[in-house]
Structures are given as structure tokens and as C-alpha cells.
Amino acid sequence: MARLTLLIMLNVLLASAARAQPDLSLEVEGQQLGVFSNLVQDGDDAGTVTLEEGWISPAMLALWWPGLEVSLKQGENRFPDDCVGRRVEVTQLIGDGPRGRSRAWVLMDACPLICEVEEAGDERISVTRLTLRVQGVGRAM
């Protein structure tokens with residue numbers, strides 16, 4: 001009986017590990033500026049994309065507002081509306097080697113709107129969610 005229970009638990013663990021989603025890498029102008037667990041495009045408001053559970057580089061916001069000292073604090077942070085949109089690429093690598101695939105989303109004219117900060121550090125800022133205003137979303141498999 002104990003052996004059967006152990007086998008069932010092992011199968012459940014292996015199945016859940018297989019379902020785990022690989023990380024989503026956020027890049028702007030060829031520079032990786034964050035990693036997230038999930039991307040959500042709001043069906044009601046197609047003009048926003050939210051990246052959930054991850055981190056961003058402190059240098060990321062300087063791309064949108066050069067010269068403006070934008071410091072993030074714990075909790076919800078809202079950004080100025082005077083944003084010049086940038087092309088943001090979000091890439092997900094699925095599997096390694098010759099059988100590996102990738103998915104990519106291109107967020108056209110993206111501007112940060114809201115960032116929910118869990119913890120701010122010098123190297124990385126832990127983020128619960130980052131919402132971007134976008135003009136459109138391109139997808140590639």
C-alpha cells in the first residue's frame with residue numbers, strides 16, 4: 001500500500017512539473033530587463049497587457065522617462081501619461097535542444113501604466129504585476 005501511495009505521489013509531482021510554464025523574458029531594444037511567470041491580455045480592454053509574478057531591472061523605467069528620477073516603492077506605482085511608446089518583446093522558451101520551441105509576443109508602442117512592487121532592490125525589483133498600455137500585440141510561435 002505504501003509503495004502504491006509513493007508511486008501515485010511521484011506521478012502527480014511529475015505531471016505538475018511538466019505543466020509548469022517556462023519564464024517569460026521581457027526585452028526592450030535587445031536588452032533583457034525583466035522575467036515574468038505569466039502574460040495576460042485583458043479581453044475587455046485590448047489596449048493593455050499585464051505581466052505577472054517576476055522582476056524588472058531598475059534601469060527599465062529610464063528608457064521611457066530619461067532624466068526623470070522614477071523610484072518605485074512597495075505597493076502600487078502609477079506612471080506619468082507622457083510616455084513615448086516602445087517595442088517590447090516577450091519571449092518564452094519551451095524545451096531545450098532541437099525539439100525546443102519558443103513563443104513570442106511583440107507589444108507595439110508599449111508604455112508602463114502600473115507596477116505593483118513586492119520588494120525593491122538595487123539589482124532587481126520584485127514585481128507582482130506590471131501593466132503596459134499597448135497599441136497592438138503581435139504573436140509568433
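# A tour from strand β3 outwards

Select glutamate 53 to begin: its relative accessible area is 42%, so this residue is partly exposed. The classes used here are buried (under 20% relative accessible area), exposed (over 50%) and partly exposed (in between), with a 1.4 Å probe and protein chains only. The model is predicted: local features need pLDDT of at least 70 and side-chain atom pairs pLDDT 80 or more, while totals for chains, interfaces and linings use all residues. Residues are numbered from 1 along each chain as its sequence is written, and side-chain values use heavy atoms, without hydrogens and water.

**The whole chain**

Zoom out and colour by secondary structure. The chain has two helices and eight strands, in the order α-β-β-β-α-β-β-β-β-β from the N terminus. These elements are DSSP runs numbered from the N terminus: helices are H or I with at least four residues, strands E with at least two. Of the chain's 141 residues, 31% count as buried. Contact means heavy atoms within 4.5 Å. Counting contacts between residues at least 6 apart in sequence, 57% join residues at least 24 apart. Switch on the surface: the accessible area is about 9000 Å², with 51% of it belonging to carbon and sulfur atoms. Accessible areas were computed with the Shrake-Rupley method and a 1.4 Å probe; for residues, only the protein chains shown count as cover.

**Strand β3 and its two partners**

Return to glutamate 53, which is part of strand β3. Glutamate 53 is not a glycine, yet its phi is positive, at about 50°. Now select all of β3, residues 48-56: seven of its nine residues are buried.

Add β2, residues 31-41, which pairs with β3 in the antiparallel sense over seven bridges. Two strands are called paired if DSSP finds at least two bridges between them. To see one facing pair, pick glycine 34 and, opposite, isoleucine 56 in β3.

Then add β7, residues 125-133. Eight bridges join β7 to β3, and these strands also run antiparallel. Here the pair to pick is glycine 54 and, opposite, valine 127 in β7.

**The nonpolar core**

Nonpolar side chains tend to be buried together in soluble globular proteins. A nonpolar core is here a set of buried Ala, Val, Leu, Ile, Met, Phe, Trp, Tyr and Cys residues joined through side-chain atoms within 4.5 Å. Which residues of the largest core touch the most other members? Select Ile56, Leu107 and Leu130, out of 29 residues in this core. Two or more residues each come from β1, β2, β3, α2 (60-64), β5, β6 and β7. Strand β6 gives the largest share, six residues.

Centre on leucine 107. Apart from neighbours within four places in sequence, its contacts are Val49, Arg86, Arg87, Val88, Val90, Leu132, Val134, Gly136 and Val137.

**The cysteines**

How many disulfides does a search of the whole structure find? It finds one, between cysteine 83 and cysteine 111, whose sulfur atoms are 2.3 Å apart. The cut-off for a disulfide is a pair of cysteine sulfur atoms within 2.5 Å. The angle about the S-S bond is -95°, a left-handed link. Cysteine 83 sits in the loop between β4 (75-78) and β5 (86-94) and cysteine 111 in β6 (residues 101-120), so the link ties together parts 28 residues apart in sequence. Both of these cysteines are buried. Select cysteine 115 as well: its relative accessible area is 0%, so it too is buried.

**Strand β1 and the loop after it**

Go to serine 25, in strand β1 (residues 24-28). Serine 25 is buried, because its relative accessibility is 15%. Its side chain makes a polar contact with the side chain of glutamine 32, at 3.2 Å. A polar contact is a pair of N or O atoms within 3.5 Å; within protein, one must be able to donate a hydrogen and the other to accept it, and residues adjacent in sequence count only through two side-chain atoms. Beyond four places in sequence, serine 25 is in contact with Gln32, Gly34, Glu89, Val90 and Thr91.

From there step along to glutamate 29, in the loop between β1 and β2. Glutamate 29 has a positive phi of about 55° without being a glycine. Its relative accessible area is 58%, so glutamate 29 is exposed.

**Last stop: threonine 91**

Threonine 91 belongs to β5 and is partly exposed, at 24% relative accessibility. Its contacts beyond four places in sequence are Asp23, Leu24, Ser25, Arg103 and Ala104. Draw a C-alpha to C-alpha distance from threonine 91 to serine 102: they are 7.0 Å apart in space and 11 residues apart in sequence.
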